[in-house]
Amino acid sequence: MRFLLLTILITSCSTSNNGVQKKDLDQLYIGSGIEKYYLPDLPTWANFSQSAQCKQETSIRYINFRDMHLSYAMNYEQLVQYQLMLNRKFEMYKKSTGRKTIFLKDESFITFNVHQQIVGGGRDFLIPKFNKIHLVWIDDAIKNSIKLESLRKLMKSEKMSKGHPIFVSMCLSSFEMEEFINNNGFSNIGVKGISQSMFSPYDSKLEMDFLFSIDVHELFKGKDIVLFGTKETASIKGYKKFIKY
């Protein structure tokens, strides 16, 4: 039953040598230990965003970017995508099984397969082909009906049509972001979402920082990035211009 569940949750990675794949998985599970690549879980009382002034309802498994880079030579963009995909798989697992925790061996299996997918070019967050990116920080709109109406007006404005819209939230998980987009009528304009699952205490140089952040310059390399928001924040780095809405 568990094998069938994991087969549904995880897209199997092709390999030219099943023996090598099994050996690598055993090394990850038994040798170094998967916990080496995770940061300690935040206690429930500390599960909030100071920048966005919100309580985060979903606990995120944060990755030790530094150790992952040293072990697997993964760059910042790959690590951000890895953390996102891993948390999505974990959340899917919990919803499907009804469990609040994941068996260690299942966790190891998911971790290994996510790594294989990311290295192989798989992504849950697809980078738009548009040259101009319009990031919209939505956290104030989530908890304030007046700000939500301002957000709706912004999304209908002519200036927003000149770039690909991407919502950014430090409060919502990946699946909560999808619900917000769908429930508020934004899905029909192709809005994507950067959720709390993509923020990290590591900066783009893979050094531990003093806040959870994301460097959009490294995520959207070579693109013209504009940030729309009710105010600026140090948690979103690397954009070219800020516009208040």
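The questions below concern a disulfide, a helix pair and a sheet in a predicted model.

User: Which cysteines does the disulfide join?
Analyst: A search of the whole structure finds 1 disulfide. Its sulfur atoms are 2.0 Å apart, inside the 2.5 Å cut-off. The two residues joined are Cys54 and Cys171.

User: How many residues apart in sequence are the parts that Cys54 and Cys171 tie together?
Analyst: Cys54 belongs to strand 2 (residues 54–55). Cys171 sits in the loop between strand 4 (164–168) and helix 8 (174–183), so the parts tied together are apart in sequence by 117 residues.

User: Are Cys54 and Cys171 buried or exposed?
Analyst: The link between them is left-handed, with -110° about the S-S bond. Buried requires under 20% relative accessible area. By that criterion, both Cys54 and Cys171 are buried.

User: How many nonpolar residues are in the contact of helix 3 with helix 4?
Analyst: Helix 3 (residues 65–72) and helix 4 (residues 76–97) pack at about 115°, their axes 11 Å apart. Helix 3 contributes Phe65, Met68 and His69, and helix 4 contributes Tyr76, Leu79, Val80, Tyr82 and Gln83. By class, 2 are polar, none is charged, and the nonpolar residues number 6.

User: Which residue is the bridge partner of Ile214 in strand 9?
Analyst: Strands 6, 7 and 9 form an open sheet of mixed pairing in the order 6-7-9. The edge strands are strand 6 (200–202) and strand 9 (236–237). Strand 7 (residues 208–215) runs parallel to strand 9 and is joined to it by 2 bridges. In strand 9, the partner of Ile214 is Ile236.

Terms used:
Residues numbered from 1 in each chain as written. Predicted model: local features only at pLDDT ≥ 70, side-chain atom pairs only at ≥ 80, totals over all residues. Heavy atoms only, no water. Pairing = 2+ DSSP bridges. Helix = DSSP H or I, 4+ residues; strand = E, 2+ residues; numbered from the N terminus. Buried < 20%, exposed > 50% of the residue type's maximum accessible area, 1.4 Å probe, protein only. Axes fitted to C-alpha atoms, helices over the stretch in contact; angles between N-to-C directions. Contact = heavy atoms within 4.5 Å. Nonpolar A, V, L, I, M, F, W, Y, C, P; charged D, E, K, R; others polar.
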